[in-house]
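Please open the model in a viewer and keep the sequence panel visible. The tour below proceeds from one selection to the next.

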Amino acid sequence: MHYVRIFDTTLRDGEQSPGISLNVEEKVEIAKQLERLGVDVIEAGFPQASRGDFEAVRAVAKAVHGPVIAALARALPEDILKAAEAVSEAKAPRIHTFIATSPIHMKYKLRKEPAEVLDLAREAVALAKKYVDDVEFSAEDATRSDWDFLCQVFAAAIEAGATTINIPDTVGYTTPEEYARLIRYVKEHTPGIERAVISVHCHNDLGLAVANSLAAVTAGAGQVECTINGLGERAGNAALEEIVMALRTRSDLYPVRTGIVTEQIYRTSRLVSVLTGVSVQPNKAIVGENAFAHEAGIHQDGVLKERSTYEIMTPASIGLPESRLVLGKHSGRHAFRQRLREMGYGDLSEEEIERAYESFIDLADRKKSVSEKDLLAILEQRIAQIPEYYTLETLQVVTGNRALTTATVRIRRGEEIVQEAACGEGPVDAVYHAIDRVTGLTVNLEGYSLQAVTGGKDALGEVTVRIKDNGNLYTGRGASTDVIEASAKAYLQAINKMLHDRATIGREARTGNLDAGGV
Ligand code: KIV
Ligand code: ZN
């Protein structure tokens, strides 16, 4: 069977989603999970965009050795040199360079003639080739480009050494039939195409990103670029989990295989959602909360008699945890470790297991039954830990519908414990004011959301907050059966991330804002 490479760009195009900003530790954590998932290529970032992006690509290149590690670069020497440096320690490095080829981009954005664009593409690939063997070239806005010009640019890129040529639907404009025709046209009219892998990269502006990617596979694409949970610019990129499960479920239509370990899909989706702070819509295909829920009586009856009546995939095939009760507060470490292994977390270190076990005992004391979803929430709290400048010790809130709300917090700062009290418009506001008094920081709260992890009155509440500092966004998350405590933990985590960033990369903007730079 023809092998289709999965190129994951969650850390690059996905991170370009509004409101998302991941730090180096979080990117490494996601990259390690993408390795477990079995992706072929991880696009780890755009090194020239910012110092944070450069550091993250470098760190991923050092930490992850299975997949190819790609760095994005405009067709500019400075970008290519930065990308080359960032991936220099990768076991399998790739430079991914791009330039726009559509009349609209060339005229208004680049202000260049097609012949100049052709030269820049050739020169960029040739320069990248001096540093790495594996060079990908993308013709930005390919689907609105002249097809013959596109083939000319691809031929020049291949002649200069490109091993993958990418045909992006940058603005999500194409349709499955048209995209498949374009892929076939490129295959037939590009000299040297047999020496390169054809890649596709679809955006979801018309909701067609996955359908377009699948049509491209039928037309012979050998690499699909996608993101976890469909994150990405504007309406997002094609969702990895949807493409992979469509290929698997309809293998009768798509005689291809991928290297994806589908049982790792749910864990990956959760991790990305937790670290980006972008929740997955309940009806999202494959990984949404309701994707395997059956509400209607007729459906429930059918599923009870025979699952395949209303289920085309099993929850187990994506590694969905079961909502059954897992363990009680008397469960020992051995049983706990065994359950983690069954949930696909056999790779945790002794220290991580011990910390998770302590949190589990703490939760089991407060909550009657602890499910796999609760356990997952505990494990996720332990992910990508950064130094805790401030830790919540205790909090106390006095509130009422006609009373002024007051909060007192005790917070550990290094060796000392600091206590402060404040009033506010409700308990969360009061707690946040009290925390601000402890830290002495002026925090811009950009977003706050609260979700229940499971059902029931004693459900674990999960709070996500977003704060902004000097143009950088920081996401914090906290989980507890007490939503005020979860809110305090989330706020402190976001503050800790902000302080960690200030201590490591200074106060410069972590997320860059490059323009086309003449290309
Ligand atoms: O959408 C796009 O065109 C891109 C390229 C840089 C590949 O993301
Ligand atoms: Zn894109």
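Select Glu311 to begin: this residue counts as buried because its relative accessibility is 8%, where buried means under 20% relative accessible area, exposed over 50% and partly exposed in between, with a 1.4 Å probe and protein chains only. Glu311 belongs to the loop between α11 (297–305) and β11 (325–327); helices (H or I, at least four residues) and strands (E, at least two) are DSSP runs, numbered from the N terminus. Display the side chain of Arg307 as well, since a polar contact of 3.0 Å links it to the side chain of Glu311. Such a contact is a pair of N or O atoms within 3.5 Å; within protein, one must be able to donate a hydrogen and the other to accept it, and residues adjacent in sequence count only if both atoms are side-chain atoms. Leaving aside residues up to four places away in sequence, Glu311 touches Phe292 and His294, contact being heavy atoms within 4.5 Å.

The model is predicted: local features need pLDDT of at least 70 and side-chain atom pairs count only at pLDDT 80 or more, whereas totals for chains, interfaces and linings use all residues. Residues are numbered from 1 along each chain as its sequence is written, chains are lettered from A and ligands numbered from 1 in the order in which they are written, and side-chain values use heavy atoms, with hydrogens and water left out.

Next, select the strands β2-β3-β4-β5-β6-β7-β8-β9, which form a closed barrel of eight strands with parallel pairing; two strands pair if DSSP finds at least two bridges between them. From one strand to the next, the twist averages 25 degrees.

Within the barrel, highlight β8 (residues 197–202) and β9 (residues 223–226), parallel strands joined by three bridges. Val200 stands opposite Val224 in β9. Add helix α8 (residues 209–218), which packs on the sheet, touches β7 (164–169), β8 and β9, and makes about 165 degrees with the direction of β8. Axes are lines fitted to C-alpha atoms, for helices over the stretch in contact, and angles run from 0 to 180 degrees between N-to-C directions.

Which residues coordinate the zinc ion (ligand 2)? Select Asp13 (OD), His201 (NE2) and His203 (NE2), at 2.0 to 2.2 Å; donors are N, O and S atoms within 2.8 Å of the metal (3.2 Å for Na, K and Ca), and water is not among the atoms, so sites may look incomplete. Both His201 and His203 are buried.

Finish at Cys202, which counts as buried at 1% relative accessibility.
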